[in-house]
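Visitor: Please take me closely through a single part of this model, the charged side-chain pairs, and say how each partner stands with respect to solvent.

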Amino acid sequence: MRQLPWRNTNDPYKIWLSEIILQQTRVAQGLPYYQNFIEKYPDVKALASAPEEEVLRMWQGLGYYSRARNLHACAKEVVEKYDGFFPEDYISLQTLKGIGKYTAAAIASFAFKEAVPAVDGNVFRVLARYFAIEENIADTKNFAIFFNTALEIIPKDQPDLFNQAMMELGATICTPGNPACLVCPVSVGCTAREKGTQKKLPVKEKKVKVRQRFFYYLMWEKDDKIAMKKRGPQDIWQGLFDFDLIESKTALNNNVVEETILAEVPDAEVLSISAPVKHVLTHQRIEAVFIGLKNPSSVYLKERELSYFKKEQIEELPKPILIDKYLKGRIN
DNA sequence: AAGCCGGGGCA
DNA sequence: TGCCCAGGCTT
């Protein structure tokens with residue numbers, strides 16, 4: 001069993017924090033973030049009273065930034081509505097921001113010993129193989145099949161150990177690619193192993209389409225400052241700071257964008273144009289060029305909701321990794 | 001019920 | 001370069 005700082009504790013705050021960080025994130029990547037958060041915010045009250053931007057900055061690089069916003073909102077609700085104590089059952093926990101079925105079950109079983117199965121990707125896989133369940137795990141309507149199967153075998157006296165063992169088995173032995181059946185403690189009784197269908201399970205069918213996007217970043221410079229804007233809702237990187245952005249539906253073409261800028265901001269002076277920078281996400285593929293400029297009109301700045309920041313300030317702001325990569329590349 | 005949301009590891 | 005990892009929220 002791997003020794004991790006959020007194990008062997010009953011503190012719901014630590015368990016909750018680790019679970020939110022570890023959603024869609026590997027232990028090796030999440031561990032340093034967990035340690036930074038615990039150091040900076042030792043309890044839920046400390047986290048609740050932090051500014052949201054600071055929390056986002058702490059989260060920078062982990063992705064799925066709605067997790068950080070929900071984390072902060074949840075901490076505030078726990079402090080304001082529950083006097084700093086997390087609700088103690090599976091159903092109530094799910095009313096909090098960012099806590100769904102999996103995370104609620106993890107907290108309820110680890111912190112409060114409630115006998116409810118925590119079905120994450122690892123557990124889906126273990127259950128699908130052990131019981132040879134062929135239903136598509138990507139289809140939400142099949143969740144109940146897996147949940148109820150686990151509910152039948154979870155021991156009422158130590159549900160926390162059961163959940164931890166199931167996840168650990170999936171993470172270390174019953175792995176997606178090459179399950180280590182020879183050393184698996186439950187290989188006897190595993191239906192998939194009996195039938196030799198381990199690698200076919202779990203069944204997972206999902207259609208994913210990738211959006212190709214083209215970004216022109218306009219870096220308006222003034223003295224040692226650059227204009228930036230906080231990103232709004234309805235898109236990626238909510239709440240993070242971006243440079244002034246013109247998005248194009250067609251492939252990057254510097255001439256076209258230069259004409260567009262000059263038409264809107266006649267006095268603008270282009271100082272530099274970077275080579276295209278590519279950024280690949282799971283569902284989006286972004287190509288960006290960074291254009292250094294000066295002399296925007298004050299009307300333009302106001303309409304675009306841009307404000308100037310000193311370069312040292314920009315380092316402290318929460319930003320998409322794409323921006324960070326570009327800025328670091330420029331220094332080197 | 002379906003679509004959206006970021007990173008990193010690895011072949 | 002392409003494929004894999006996955007839980008929760010919004011529409």
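Guide: Glu247 has a relative accessibility of 39%, and because buried requires a value under 20% and exposed a value over 50%, this residue is classed as partly exposed. In this predicted model, the side chain of Glu247 forms a salt bridge with that of Arg213, the nitrogen-to-oxygen distance being 2.8 Å. The two residues come from distant parts of the chain, since Arg213 belongs to strand E1 (residues 211-222) and Glu247 to strand E3 (residues 241-248), with 34 residues separating them. Arg213, unlike its partner, counts as buried, at 4% relative accessibility, so this salt bridge joins a buried arginine to a partly exposed glutamate.

Strand E3 also supplies a partner to another pair, in which the side chains of Asp242 and Arg231 meet in a salt bridge at 2.4 Å, again taken from N to O. Asp242 is the residue placed in strand E3, whereas Arg231 sits in the loop between strand E2 (225-230) and E3, and the pair therefore ties together parts that lie eleven residues apart in sequence. With a relative accessible area of 3%, Asp242 is buried, and Arg231, at 13% relative accessibility, counts as buried too; both values fall under the 20% cut-off.

A further salt bridge is made by the side chains of Lys319 and Asp324, with an N to O distance of 3.6 Å, which is within the 4 Å limit used to define such a contact. Lys319 counts as buried, its relative accessibility being 1%, and Asp324 is likewise buried, with a relative accessible area of 14%.

These pairs are among the ten salt bridges counted in the model. To place them in the chain as a whole, the domain assignment divides chain A into domain 1 (1-114), domain 2 (116-207) and domain 3 (211-331), and the residues discussed above, including Arg213 and Glu247, have numbers that fall in the range given for domain 3. The C-alpha centres of domain 2 and domain 3 are 45 Å apart. Elsewhere in the chain, an unreviewed UniProt entry lists residues 21-172 under "domain: HhH-GPD"; in the model, this span is 64% helix and 0% strand, and its end C-alpha atoms lie 19 Å apart.

Definitions and conventions:
Residues are numbered from 1 along each chain as its sequence is written. Chains are lettered from A and ligands numbered from 1 in the order in which they are written. This is a predicted model: local features need pLDDT of at least 70, side-chain atom pairs count only at pLDDT 80 or more; totals for chains, interfaces and linings use all residues. Side-chain values use heavy atoms; hydrogens and water are left out. Domain bounds come from an automatic or database domain assignment. UniProt positions are given in the numbering used here, feature names are shortened, and annotations may be inferred rather than shown by experiment. Helices (H or I, at least four residues) and strands (E, at least two) are DSSP runs, numbered from the N terminus. Buried means under 20% relative accessible area, exposed over 50%, partly exposed in between (1.4 Å probe, protein chains only).
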